[in-house]
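Q: Please take a close look at the charged side-chain pairing in this model. Go through it in one connected account, and place it against the nonpolar interior.

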Amino acid sequence: MVEIEKRIKHLDYHGITLGAVEGAEEFYAKLGYTGSLLIQSEEHSIDELKSLNESYEVIGTNVYDGSVNQVWLRLPSINRELQRKYEETFPGCDTQMTFGKSF
């Protein structure tokens, strides 16, 4: 990861965001990365996806490839219960923890 960060800085990028598989989250946190929850759906609007969130700051929204609505929530720690709630409330919705770091 140190080498990847060096290369990114050399290319004059100012940060990186990576998706994390379950179980790898602590690895990124130990390296100084900040966690967020990515919620995405082709079937549900950004407003619908935002409506289920009651506690966390929305740090970004996006429409990927013209059809995938995405919302990012800043999470101070992993919240599997919230992930399950999204996936149960919005069939076809996917969630994933992502981790970012600014340089």
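A: **Charged pairs and the core**

Arg74 is partly exposed, at 38% relative accessibility; here buried means under 20% relative accessible area, exposed over 50%, and partly exposed in between, computed with a 1.4 Å probe on protein chains only. The model is predicted, so local features need pLDDT of at least 70 and side-chain atom pairs count only at pLDDT 80 or more, while totals for chains, interfaces and linings use all residues. Residues are numbered from 1 along each chain as its sequence is written, and side-chain values use heavy atoms, with hydrogens and water left out.

The partner of Arg74 is Glu57, in a salt bridge of 3.0 Å from N to O. A salt bridge is a side-chain nitrogen of Lys or Arg within 4 Å of a carboxyl oxygen of Asp or Glu. This pair links distant parts of the chain, 17 residues apart: Arg74 is in strand β4 (residues 68-74), and Glu57 is in the loop between α3 (46-51) and β3 (58-64). Helices (H or I, at least four residues) and strands (E, at least two) are DSSP runs, numbered from the N terminus. Glu57 is partly exposed, with a relative accessible area of 46%.

There are five salt bridges in the structure. Arg80 takes part in one with Glu22, where the closest N and O atoms are 3.8 Å apart. Arg80 lies in helix α4 (residues 80-89) and Glu22 in the loop between β1 (15-19) and α2 (25-30), so the pair ties together parts 58 residues apart in sequence. Glu22 is exposed at a relative accessible area of 65%, whereas Arg80 is partly exposed at 23%.

Arg80 also meets Glu25 in a salt bridge, at 2.6 Å from N to O. Here helix α4 (Arg80) is linked to helix α2 (Glu25), with the two positions 55 residues apart in sequence. Glu25 is buried, its relative accessible area being 5%.

Now the interior. The largest nonpolar core, a set of buried Ala, Val, Leu, Ile, Met, Phe, Trp, Tyr and Cys residues joined through side-chain atoms within 4.5 Å, has 20 residues. At least two of these come from each of β2 (34-41), α3, β4, α4 and β5 (94-102). Leu37, Ile39, Leu73 and Tyr86 have the most contacts inside this core. Leaving aside neighbours within four places in sequence, Tyr86 is in contact (heavy atoms within 4.5 Å) with residues including Ile39, Leu49, Leu73, Cys93 and Thr95.
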